[in-house]
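Student: May I request a close look at a single part of this structure, with the terms explained as they arise?

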Amino acid sequence: DTEVHPLPPDSPPFASSCILAVLVVTSAINMKRLPEAASAAAEKRVKRSDPLKIVTWNVNGLTTRIKDHKQWKDFESFMETEKPDVVCLQEIKLCAAAPPGAKKGDGRPRDRGQLRDNDASTREDADRVNRAFKSSPVLSSYSLFWSLADWRYAGCLMMARKDIHVRSVRYSLLLPDKLQSVHHEEGRVILAEFESFAVMNMYTPNNGWQTEKFSRRHRFDTDVQQFVKHFTTDSTSAGEASSSDAPPTSSGKPLIIAGDLNCAATDLDLSPGDERWFRQQTEGPARPPPKYVGQPGCTDGERADFREILKAGSLVDAYRQMHPRGAPSAESPCFSWRGWGKYANKGMRID
C-alpha cells in the first residue's frame, strides 16, 4: 500500500536510489506487521449490511436548492448532524445524458443514470451539482444513484453511504430481472436492495385535472401494485419453490417505499378544517368522474389505488401507524405541500 510519487524534474541524480532504499527498509519493517495490517485493512473494508436511518425529501429542483446558499448549507448541516444512511430525493429536475442536440421526447437514446453536460445550459447544471457534492466532506461520503428524465422534469436521486453494501439497484417497475437496469422514462423509481430489506425511492405522478392524467396516474399506481406484490413475494415459500412461473423479481424481503407518493391517504392527512374544501375542488368547465372529484392527491380514486398498493405488498403507512389519530401540526415537515393564493395555509401529507 505504499504510495509512490513521481520525482520533480530538477531532482538530484541520487534521489531515486534514496527513495528505493527507503522503500526497501520500510517494506522489511512492514513484513513483520503484515498479518496485523491485513486484518486491519480487511476490517476497514467490511461494509454494513443494512441502513438504519432513511430520509426523504422532494427538493423541487436540485439546482434551485444548491443555488440558495443558506438552504444548501442547512441541508449539509442536517446531513452532518443526522448522518442518514440513505437519502431519497425526488423532483430533481435535471436532464439525462443525451446526444448533442437531443430534444424532449425525440426518442434518441439516453443514459438516465448520468447528468447531461454537452451544451452550455446542462453543463452549467452538471458542474454546479458535481461541485456541491464532491467539495463537501459530508456529501462526498455517499454513493449517488440517478434516474433522470429527458428534460428538467421529475427525476430521482438516491444517496447511500459508501460504508453500506448495496446488493443491487433497479430503476423501473418492470418485472423481469433482465430489465432491472432499464430506467423509468421520467426517472420516477430507484430501488436499492440491501441484506435484509429494500428501499424504493419513488416520485408518483400528480393526478392532475384532465382525463388523460387520471389514466396515466392509475396506470402508474397499478404498475406499483403489481411490482410490490411480486417483489415482496417469497419465491422459495411452500408451493412456489418448484413453480416455473414464479415472478423473477421475487425477493421475499420487506420493502420500504419513501418519496413523494402524491396521495393524502385519508382526511386526517389534510390540514384540519380544510377537509371538505379539498374534497370538493374542481378545475375547468368539465366535471370529472365522481371518483376524481377533489384536489389531486386526495380523490377517492387515488386513495383506493393507494390502499391496493399497501395491501399488495403487506405495507403500512409508517406515519399513520405511529400517529393513529390527528393530522400533523401546521409546522410539521410532514405537510410537504402548501399552496398559495386560494391554497394559502392549506396542506396535504403526500410524502
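Tutor: Over residues 11–34, pLDDT (the predictor's confidence in each residue, from 0 to 100) stays under 50. For this stretch the model has 5 contacts (heavy atoms within 4.5 Å) beyond four places in sequence. Where pLDDT is low, the predicted coordinates should not be read in detail. A second stretch, residues 237–248, also stays under 50, with 11 such contacts. For the protein chain, the mean pLDDT is 84, and 77% of residues reach 70 or more.

This is a predicted model, in which local features need pLDDT of at least 70 and side-chain atom pairs count only at pLDDT 80 or more, whereas totals for chains, interfaces and linings use all residues. Residues are numbered from 1 along each chain as its sequence is written, and side-chain values use heavy atoms, leaving out hydrogens and water.

Let us now turn to His184. This residue is found in the loop between β7 (168–170) and β8 (189–193); strands are DSSP runs of E, at least two residues long, and helices are runs of H or I of at least four, numbered from the N terminus. His184 is buried, because its relative accessible area is 19%, and buried means under 20% (exposed is over 50%, partly exposed in between; 1.4 Å probe, protein chains only). Leaving aside residues up to four places away in sequence, His184 touches Arg112, Ser147, Tyr171, Ser172 and Phe220. A polar atom of the His184 side chain also lies 3.0 Å from the backbone nitrogen of Glu186.

Conventions. A polar contact is a pair of N or O atoms within 3.5 Å; within protein, one must be able to donate a hydrogen and the other to accept it, and residues adjacent in sequence count only if both atoms are side-chain atoms.
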